[in-house]
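Student: Please take a close look at the cysteines in this structure, and then set them within the rest of the chain. What does a search of the whole structure find in the way of disulfides?

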Amino acid sequence: MSKQGGSTRKLEFQDSGLANKLFGPQGANLSLLTEKSGVAIETRGSSCSLTGEEDLVEVCAGVLTQLYSLLREGRPVHPQDVDCAWRILLREPGADIRRIFQDTVYVASPKKTIAPKTISQRDYLEAIRENDLVFAIGPAGTGKTYLAVALAVSALMRREVKRIVLARPAVEAGEKLGFLPGDLAEKVNPYLRPLYDALHDMLDFARVQDMLETGVIEVAPLAFMRGRTLNDAFVILDEAQNTTPEQMKMFLTRLGFGSRAVVTGDVTQIDLPSQTRSGLVDAHRILQGVKGIRFVAFHEEDVIRHPLVGRIVQAYERKQRADKASADKASADRARDDMAQKDSEKTGKTGGAK
């Protein structure tokens with residue numbers, strides 16, 4: 001909760017060049033921080049003055065000083081880093097941004113690295129490294145699948161596993177597969193496209209195609225897992241909220257020696273028939289506390305998106321709130337008018353009886 005009352009804090013940065021990089025082109029990074037916090041930021045040379053609610057000023061100061069330290073170490077700072085650092089320190093004021101950002105995953109080479117951007121992402125990476133089975137539950141855009149694929153590719157490159165298996169339930173979201181053109185593989189391929197996208201973001205196209213053709217990487221609908229035992233594999237089940245309890249149990253019992261698995265899903269986006277229980281919800285209830293299994297929760301504040309997307313979402317939310325307020329007012333007006341009409345009719349009947 002914010003402490004009320006104005007507070008001002010001045011920050012001095014010794015290196016003017018790094019200060020300019022910290023502030024961003026035309027002060028873009030500072031403008032983003034002001035937009036997020038409501039704290040006014042004025043600059044003069046390599047210094048800046050922060051004015052606003054005391055605890056928010058302290059969070060902004062922490063963001064700027066910690067990102068400046070990253071710049072001094074030679075790490076670039078982008079608007080996305082400002083956004084992520086703000087959300088991390090707002091949630092956990094004592095967090096070490098450097099430690100979180102530098103927990104890198106080496107994918108294909110040291111030049112291709114992926115780093116966590118939130119506390120939950122950091123905990124997620126640690127959970128996958130330390131457990132054979134990890135469930136990641138939370139909204140879309142939090143990096144659940146992307147980070148899992150990154151760790152899978154990294155493990156494959158280091159020869160910790162011999163293959164990667166990526167699976168998804170091919171839930172018919174409003175369409176019947178039988179009416180779609182092509183054979184079964186072509187029908188389910190659109191459901192698997194997000195997994196291919198993640199792979200192509202980490203490895204070049206030719207390498208991915210070669211690994212797919214040789215079976216080193218397999219991308220398949222969940223139904224193709226039945227009856228198999230997966231040894232020495234990194235297995236990822238995406239969109240697990242759309243599995244049934246029977247499908248979830250089937251998947252979890254496919255794990256063989258030397259394998260590890262990550263299960264991701266969003267329990268608020270279940271596309272199953274209304275009377276069908278979600279296998280992910282079921283597993284969360286049944287497997288809590290089982291040794292070797294870890295559940296990691298992601299939240300709305302872990303969603304990583306372009307700042308413009310955040311403003312677009314806020315605009316739609318404001319419109320929805322305004323529409324709801326207008327509808328509520330119209331409903332209240334109608335109820336008041338109905339009540340007045342009933343009172344008038346009642347008065348008229350009483351007068352007529354006299």
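Tutor: A disulfide is taken here as a pair of cysteine sulfur atoms within 2.5 Å. By that criterion, a search of the whole structure finds zero disulfides. The sulfur of C48 has its closest cysteine sulfur in C60, at 9.6 Å, which is too far for a bond; C60, for its part, is likewise in no disulfide, the sulfur of C48 being the nearest cysteine sulfur to its own. C48 counts as buried because its relative accessibility is 2%, where buried means under 20% relative accessible area, exposed means over 50%, and partly exposed lies in between (1.4 Å probe, protein chains only). C60 is also buried, with a relative accessible area of 0%.

Some care over the source is in order. This is a predicted model, in which local features need pLDDT of at least 70 and side-chain atom pairs count only at pLDDT 80 or more, while totals for chains, interfaces and linings use all residues. Residues are numbered from 1 along each chain as its sequence is written, and side-chain values use heavy atoms, with hydrogens and water left out.

The pLDDT, which is the predictor's confidence in each residue from 0 to 100, averages 86 over the protein, and 87% of the residues score at least 70. The protein has 12 helices and 11 strands, defined as DSSP runs (H or I, at least four residues, for helices; E, at least two, for strands) numbered from the N terminus. Among these elements, strand β6 (residues 133–137) has the highest mean pLDDT, 97, and strand β4 (residues 105–109) the lowest, 60. Over residues 172–177 pLDDT stays under 50, and the model has seven contacts beyond four places in sequence for that stretch, a contact meaning heavy atoms within 4.5 Å. Where pLDDT is low, the predicted coordinates should not be read in detail.

As for the setting of the two cysteines, buried residues make up 44% of the 354 residues in the protein. Among contacts between residues at least 6 apart in sequence, 71% join residues at least 24 apart. One pair separated along the chain is R311 and E35, which are 276 residues apart in sequence and 9.7 Å apart in space, C-alpha to C-alpha. R311 lies in helix α12 (residues 307–353) and, unlike the buried C48, is partly exposed, with a relative accessible area of 35%.
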